[in-house]
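Please study the sequence and the three-dimensional structure shown here before reading on. The explanation is written for a reader who has not met this structure before.

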Amino acid sequence: MNRKVLKLENLLRFHTICRQLHSLCQRRMLAQWRPVFSAAYAAQTAQLYTRPWQTDALIRAALSQRRLLVTKKEKRSQKSPLPSTKSKKEVEVWLGMTVEELARAMEKDIDSVYESLMNTAIDIDSLETHSHLDEVWIKEVIKKSGMKLKWSKLTQDKVRENKDAVKRPQADPALLIPRSPVVTIMGHVDHGKTTLLDKLRKTQVAAMEAGGITQHIGAFLVSLPSGEKITFLDTPGHAAFSAMRARGARVTDIVILVVAADDGVMKQTVESIQHAKDAHVPIVLAINKCDKAEADPEKVKKELLAYDVVCEDYGGDVQAVHVSALTGENMMGLAEATIALAEMLELKADPTGAVEGTVIESFTDKGRGPVTTAIIQRGTLRKGSILVAGKSWAKVRLMFDENGRAVNEAYPSMPVGIIGWRDLPSAGDEILEVESEPRAREVVDWRKYEQEQEKNKEDLKLIEEKRKEHQEAHRKDREKYGTLHWKERSYIKYKEKRQQQPLKLKEKLERDSNVLPIIVKGDVDGSVEAILNIMDTYDASHECELELVHFGVGDISENDVNLAETFHGVIYGFNVNAGNVIQQLAAKKGVKIKLHKVIYHLIEDLQEELSSRLPCIVEEHPVGECSLNATFSITEGKKKVPVAGCRVQKGQIEKQKKFKLIRNGHVIWKGSLISLKHHKDDTSVVKTGMDCGLSLDEEKIEFKVGDAVVCYEEKQVPAKTSWDPGF
């Protein structure tokens, strides 16, 4: 304020001085030209030029008024201060933003981003709308645009309360009561596991199995003459069903390891031993087929020593029972050994409270919907109970035993079929009872939410990896084009785009023929699981891609046919049906449906289908061979043509076939003949023992005595896939 007042005072004083100088000049002029004036005029002039005191008074009044106004203005500004600058707009950004994304976040057009990056180290000509920007360039654009930068963070959803169902705490030992043992029969394929169980049950299960091999987990409750009850689980021995055997071992108390006395320890025998050890389950050894002449039980016991299965005869704790499932020999001895081991284990369970169990197998029945076979491990299951398993829940409508008879209650260790599931749970899922339907839905929703969160984490991880790949590719492009003139850069990009032209129809058909889309349908969840596990071993994608379009449990439906038509795929069905209407629809749409009852037949069919998609292999079949004994040349017109004098050693030489010249074991030429003569006559065939002269379709090849000329024909042979599923 003081500076402004001083400035005003100086201006007023300067103005007053100027007026005074002007008056002084006028007075001097009057004195010179008009020396005589009247008294009145003199008095008037004196009055006009004697006013400095009045000017000072005016200056003082103006200055005081100015000070008053400035003071009031400052007080007003202190009471209501105005912002000196506008607040900057905040822009939310993230690493790896593209040019387009940054422009959208700033609410400006793309050109403004390019303008901000002018006169910087970045090459603007190489930037596209989808180009990713480094952190330094994002900051530069925001700074030059006069905005404020804010790094975005992944939005974290509100932490949901865990609504999952969990097992009850361990029961009071005083409340536990003895229960039947759950025994799993395991071993190599065709070692007699199901036949052995038939003798115990006195049924004919093995006769009903497709191909004579077990392909599902069978759960049976067997009552012995002594009154004891044992729950048996019969697992498949085939290599394809490793997951089923592992699941059987996890829910069991005792494993009966069946080994054929004439065959010894095999691959699936070793795998079964490993499953039992992983589950910490004791083993009872059943040496089967002891009625055969070539049976050698002692050899089996010795072979098992290598896998830490030591029988009692060799100082171990594993009971070994010699049996014959075919004749029924010593079946009761095996049952007694199992009961004795169960008594030593003191197996007990709590029959009260909420039910706990495990899904052994699941499938879809046409009339009854989703059905599961389960083992009850705790509590007592009754009709109307609300169950949760995996991401499915059920209100129990009906329960039945292994013979299909309806039961009202299921106790611990009892196998039971359950009907009433809303969706089909997976084999191996844990069954828990909850108090109500809303609670069951809440548990299922929570589990689906958890699965979704896990999937989102995996997706984010993949996105981050892709982003890094794109950034690296962009960096390499910048290095590649950074030093080039824009015309050179444009020309190189044009050439690259020309090379990336769309595939022609023929090329597209060839590419599509190297992909086999398939749809898999099975009778039960475990069968589908086994097929998918085999498909996971596929390692010949360089020959033909195996693409799983869809899989599920149940008969083949119209939707499966439509899906196969869309993807030009093949439908594989295992132990399922395809009605006449479905088969007619598939034939009309050109969709293959392949149904099988035995799993290894299905895999063999899949191998054949994969092989049919491969291009044929060209094989060379020799027709004849001749040795080169002399070389000479003949004149044709103005040029000399080299000729080889040969004698046919094997087969015959045919001019129309293909030939190759071999020297010191190496092929140095392949092609056709332009002439073949016997003596001086042209011929098309020269047989064994005859001499001939021949000239090649390539003049630069030089003959040497001792070379061999082989005549051969090419034949196309169907290729076979290199994929070996392991059985």
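The paragraphs below turn to a sheet, a helix that lies across it, and two nonpolar cores. The model is predicted.

The sheet is open and consists of 4 strands, arranged in the order S20-S19-S21-S22 with parallel pairing. At its edges stand strand S20 (545–553) and strand S22 (592–596), each of which pairs on one side only. From one strand to the next, the twist averages 20°.

Within this sheet, strand S19 (residues 515–522) runs parallel to S20, and 8 bridges join the two. In this pairing, Val515 is placed opposite Glu545 in S20. Helix H16 (residues 525–535) lies across S19, S20 and strand S21 (570–574), and its direction makes an angle of about 170° with S20.

Attention now passes to the nonpolar cores. In soluble globular proteins, nonpolar side chains tend to be buried together. The largest nonpolar core here has 26 residues, and the most contacts inside it belong to Leu196, Phe232, Ile256 and Leu334. At least two residues of this core come from each of strand S4 (182–187), helix H7 (193–201), strand S5 (218–223), strand S6 (229–234), strand S7 (254–260), strand S8 (283–288) and helix H12 (331–345). H12 gives the most, with 7 residues.

What does Ile256 touch, if residues up to four places away in sequence are not counted? Its contacts are Val183, Thr184, Ile185, Met186, Phe232, Val284, Ala286, Leu334 and Thr338.

Another core, of 24 residues, lies apart from the largest one. Its members include Leu516, Ile534, Ile603 and Leu614.

Notes
Residues numbered from 1 in each chain as written. Predicted model: local features only at pLDDT ≥ 70, side-chain atom pairs only at ≥ 80, totals over all residues. Heavy atoms only, no water. Pairing = 2+ DSSP bridges. Axes fitted to C-alpha atoms, helices over the stretch in contact; angles between N-to-C directions. Contact = heavy atoms within 4.5 Å. Core = buried A, V, L, I, M, F, W, Y, C linked by side-chain atoms within 4.5 Å. Buried < 20%, exposed > 50% of the residue type's maximum accessible area, 1.4 Å probe, protein only.
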